[in-house]
Amino acid sequence: MTAIDKKALIEERVNSGLLGHWYPVAKSVEVKTSRPHGVKALGQKLVLWRGADGSLKCIEDFCPHRGAPLSLGEVHEGNIGCRYHGVVVDGEGVVVRVPAMPECALEGRKAVKSFHVTEHSDAVFVYIPSLSRPEPPELVLPDELTSDEWTGFLCTAVWETNYRYAIDNLADPMHGCYLHSESFTLAYGSKQDLMRLDKTEHGFHITRVGQVGDNFDWTDFVFHPGTMFCFLDIPYPPAAGPGGNMRIVGYATPVDETTCKVFFWRMRKVEGLARDSWRFLYRAALENNHWNVLEQDRVMLEGMPDDARRREMLYQHDIGVSRVRQILTREAKQQIEAELAQVAAE
């Protein structure tokens, strides 16, 4: 394996998504006991459903008989039945029954991959294993999603762009005063500044030097084994009701090399009657404003060429972008080296 080949493999791994990570793939309400739900993550087609007790199941979206999508099938007594020929598979990927041929040799065989799956804060997370981390580590979540002091809403959207562009966008606070200059919350602040990057215990903090609190001025990126997310604040004017700034918690799940699905929790630290007031105000008036901001991001990122990184000319404002790319590349390098070492040993 030449150095050039290895470099290409690392770049391919970053583009397609790191293995050994938990990824949000769906809203909890989308996964039901009555019918299966198909998703795609890191180029793999998956099917999700619930057992009679509400427990989540996740396997490859592939019938072991002829490869038909199980997501087009039906849920039978906690298992999933293929609509093509009725083959029934359980949540471990084992063929339970072949109704067209009793005592078929396929029955009892583990025929498709199964995946660890859990849910929290209205989202379903699936673990995509790696060679060095075949079993899932703890799903570490931000305080905003685990503390009763915070409340909010999950929004998701599919963007026709590589997930790396979505992450770069979050590591770039300076774009807020330009791209979102006419929005309800991000219309203020200086259009000139410098950026500062500070390492934290589990990641880094990127912030504007000259202002904090006028616009989207900073982002915290957090990295734990098997988990990556970020959070930032959107300054809220008094017209936005009680609770201070809106905290955004963000994840970007690679669907394939040209598509991603973003998961953004819009949170406020507010309790009691003020919490109820803000939740009503958000649904009644504010939510549409925030979707408009997300649409500005989506349109801009989808308009960029897939290979923009080959021609880009970064400058000082991009230190957060450079840092997150370094972290992704370093982990991809470790994964590729482990896989190459196993091949060599065989």
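Strands, in the numbering used here, are DSSP runs of E covering at least two residues, counted from the N terminus. In this predicted model, strand 1 spans residues 21-27, and His 21 lies in it. The relative accessibility of His 21 is 5%, and because buried means under 20%, His 21 counts as buried. Leaving aside neighbours within four places in sequence, the residues in contact with His 21 are Val 126, Tyr 127, Ile 128, Arg 133, Gly 226, Thr 227, Met 228 and Glu 331.

One of these contacts, Val 126, leads to the nonpolar interior. The largest nonpolar core has 64 residues, and Val 25, Leu 48, Val 126, Trp 159 and Phe 221 are those that touch the most other members. When residues up to four places away in sequence are not counted, Val 126 touches His 21, Trp 22, Tyr 23, Val 25, Leu 46, Leu 48, Cys 58, Phe 115, His 116 and Val 117. A second core, separate from this one, has 18 residues, including Phe 125, Leu 139, Leu 145 and Val 222.

Phe 125 also introduces the aromatic pairs. The whole structure holds 13 such pairs. In one of them, the ring centres of Phe 125 and Tyr 251 are 5.8 Å apart and the planes stand at 75°, so the pair is edge-to-face. Phe 125 belongs to strand 10 (residues 123-128) and Tyr 251 to strand 16; the pair therefore ties together parts that are 126 residues apart in sequence. Phe 125 has a relative accessibility of 0% and counts as buried, and Tyr 251, with a relative accessible area of 3%, is buried too. Tyr 251 also pairs edge-to-face with Trp 265, at 5.6 Å centre to centre and with 70° between the planes. This second pair links distant parts of the chain, with Tyr 251 in strand 16 and Trp 265 in strand 17, 14 residues apart. Both Tyr 251 and Trp 265 are buried. Together, Phe 125, Phe 229, Tyr 251 and Trp 265 form one aromatic cluster.

Strands 16 and 17 appear again in the surroundings of helix 5. The buried residues of helix 5 pack against strand 11 (150-159), helix 3 (163-170), helix 4 (176-179), strand 16 (246-256) and strand 17 (259-269). Those buried residues are Arg 275, Trp 278, Tyr 282, Leu 286, Glu 287, His 290, Val 293, Leu 294, Asp 297 and Leu 301. Helix 5 itself, residues 272-302, has a kink of about 60° centred on Leu 286, a residue that is also in the buried set.

The description now turns to the sheets. Strands of a sheet pair through backbone hydrogen bonds, in either a parallel or an antiparallel arrangement. One open sheet consists of three strands in the order 2-3-4, with antiparallel pairing. Strand 2 (37-41) and strand 4 (56-60) stand at its edges; each has a single partner strand, so one side of each is left without a neighbour in the sheet. On average, and with direction ignored, neighbouring strands of this sheet are turned by 30° against each other. Five bridges pair strand 2 with strand 3 (residues 44-50) in the antiparallel sense, and Lys 40 has Lys 45 of strand 3 as its bridge partner.

Another open sheet contains four strands in the order 5-6-7-8, again with antiparallel pairing. Its edges are strand 5 (74-76) and strand 8 (95-97), each with a single partner strand, so one side of each is left without a neighbour in the sheet. Strand 5 and strand 6 (residues 79-81) are antiparallel and pair over three bridges; the partner of Glu 74 in strand 6 is Gly 81.

Further along the chain, strand 12 (residues 195-200) and strand 13 (residues 203-208) run antiparallel and are joined by six bridges. A hairpin of two residues connects strand 12 to strand 13, and the bridge partner of Thr 200 in strand 13 is Gly 203.

Two loop residues complete the tour. Most residues other than glycine have a negative phi. Glu 103, however, has a positive phi, near 60°, and is found in the loop between strand 8 and strand 9 (117-120). Its relative accessibility is 76%, and because exposed means over 50%, Glu 103 counts as exposed. Ser 121 likewise has a positive phi, near 55°, and lies in the loop between strand 9 and strand 10.

How values were computed
Residues are numbered from 1 along each chain as its sequence is written. This is a predicted model: local features need pLDDT of at least 70, side-chain atom pairs count only at pLDDT 80 or more; totals for chains, interfaces and linings use all residues. Side-chain values use heavy atoms; hydrogens and water are left out. The bend at a residue is the angle between axes fitted to the seven residues ending there and the seven starting there. Buried means under 20% relative accessible area, exposed over 50%, partly exposed in between (1.4 Å probe, protein chains only). Contact means heavy atoms within 4.5 Å. Two strands pair if DSSP finds at least two bridges between them. Axes are lines fitted to C-alpha atoms, for helices over the stretch in contact, and angles run from 0 to 180 degrees between N-to-C directions. A nonpolar core is a set of buried Ala, Val, Leu, Ile, Met, Phe, Trp, Tyr and Cys residues joined through side-chain atoms within 4.5 Å. Rings of Phe, Tyr and Trp (its six-membered ring) pair if their centres lie within 6.5 Å; planes under 30 degrees apart count as stacked, over 60 as edge-to-face and the rest as tilted.
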